[in-house]
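Biologist: Before we go through the details, could you put the model up so that we can both look at the sequence and the fold?

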Amino acid sequence: KLEPQFPQASKTSIGHVVQLLYRASCFKVEKKSNESSLMQLKEQFRTYDALRKEHDAQIVQIATEAGLRILPDQWSSLLYGDLDHKSHMQSIIDKLQSPASFSQSIQELIIALQRSGDPGDLCQMRDQFDLLSRIDASPEAACPEWSELENAMAAVHSVVHGLVKFSKA
């Protein structure tokens, strides 16, 4: 009985956590003859830190897949009630990033700017954003030509300059 120690824990909330961890393949599942299953935590998830890290990663992944963009400090506040875990949350977000998610984020930014009327005049950098979103960062990608590299660096310079200008406004 956990109720005296954790009155806020319900069967439903515990079930949700187990579902998250099951989705992350944290359990060894052994089928029994009577159509039931025995679930046991895999060895690498038997410490609180390892289990909590996987739990947090699953929540961030689900939110990201649903199109939510939440900053690391906000994740820290939501999941821990403090800002002490900001770098931990940034690490999780970084691991979930891919070239496709970068491209998708740029497209979402362009749409958001169009809907908002673009008060910071950031749409002027659309060509630079598009160029950056087409970069193939996979290890299998062909080595870029010097001109492609020069164009990419110019785009990065423009975008960073635009960000600095926008931040000061």
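Biologist: In this predicted model, is Asp 121 buried, partly exposed or exposed?

Modeller: The relative accessibility of Asp 121 comes to 44%. Buried means under 20% and exposed means over 50%, so with its 44% Asp 121 falls in the class between them and counts as partly exposed.

Biologist: What is the phi of Asp 121, and where in the chain does the residue lie?

Modeller: Asp 121 has its place in the loop between H5 and H6. As background, most residues other than glycine have a negative phi. Asp 121 is not a glycine, and yet its phi is positive, at about 55°.

Biologist: Asp 118 also has its place in the loop between helix H5 (99–116) and helix H6 (126–133); is Asp 118 buried or exposed?

Modeller: The backbone of Asp 118 likewise has a positive phi, near 50°, in a residue other than glycine. Its relative accessible area is 12%, and because the limit for buried is under 20%, Asp 118 is classed as buried.

Biologist: How far apart are the C-alpha atoms of Gln 107 and Gly 120?

Modeller: Gln 107 has its place in helix H5 and is partly exposed, with a relative accessible area of 32%. Along the chain, Gln 107 and Gly 120 are 13 residues apart, and their C-alpha atoms are separated by 17 Å.

Biologist: Which residues form the nonpolar patch on the surface, and which helix gives the largest share of it?

Modeller: The patch is formed by Ile 14, Val 18, Tyr 22, Val 29 and Met 39, which together have about 410 Å² of accessible area. Met 39 lies in strand S2 (residues 37–41) and is partly exposed, with a relative accessible area of 37%. The largest share, 3 residues, comes from helix H1 (residues 11–23).

Biologist: How many disulfides does the structure hold?

Modeller: A disulfide is a covalent bond between the sulfur atoms of two cysteines. Cys 26 counts as buried at 0% relative accessibility, whereas Cys 143 counts as exposed at 71%. A disulfide here needs a pair of cysteine sulfur atoms within 2.5 Å, and the number in the structure is 0.

Biologist: Over the ring of which residue does the charged end of Arg 52 sit?

Modeller: Where ring-to-ring contacts are concerned, the count comes to 0 aromatic pairs. A ring does take part in a contact with a charge, however, in that the charged end of Arg 52 sits 4.0 Å from the ring centre of Tyr 80.

Key
Residues numbered from 1 in each chain as written. Predicted model: local features only at pLDDT ≥ 70, side-chain atom pairs only at ≥ 80, totals over all residues. Heavy atoms only, no water. Buried < 20%, exposed > 50% of the residue type's maximum accessible area, 1.4 Å probe, protein only. Patch = residues over 30% accessible without salt bridge, like charges linked within 9 Å, V, L, I, M, F, W, Y side chains within 5 Å. Areas by Shrake-Rupley, 256 points an atom, 1.4 Å probe, with all protein chains shown as cover. Salt bridge = Lys/Arg side-chain N within 4 Å of Asp/Glu carboxyl O. Helix = DSSP H or I, 4+ residues; strand = E, 2+ residues; numbered from the N terminus. Phe/Tyr/Trp six-rings, centres within 6.5 Å; stacked < 30°, edge-to-face > 60°. Lys NZ or Arg CZ within 6 Å of the ring centre and 35° of its normal.
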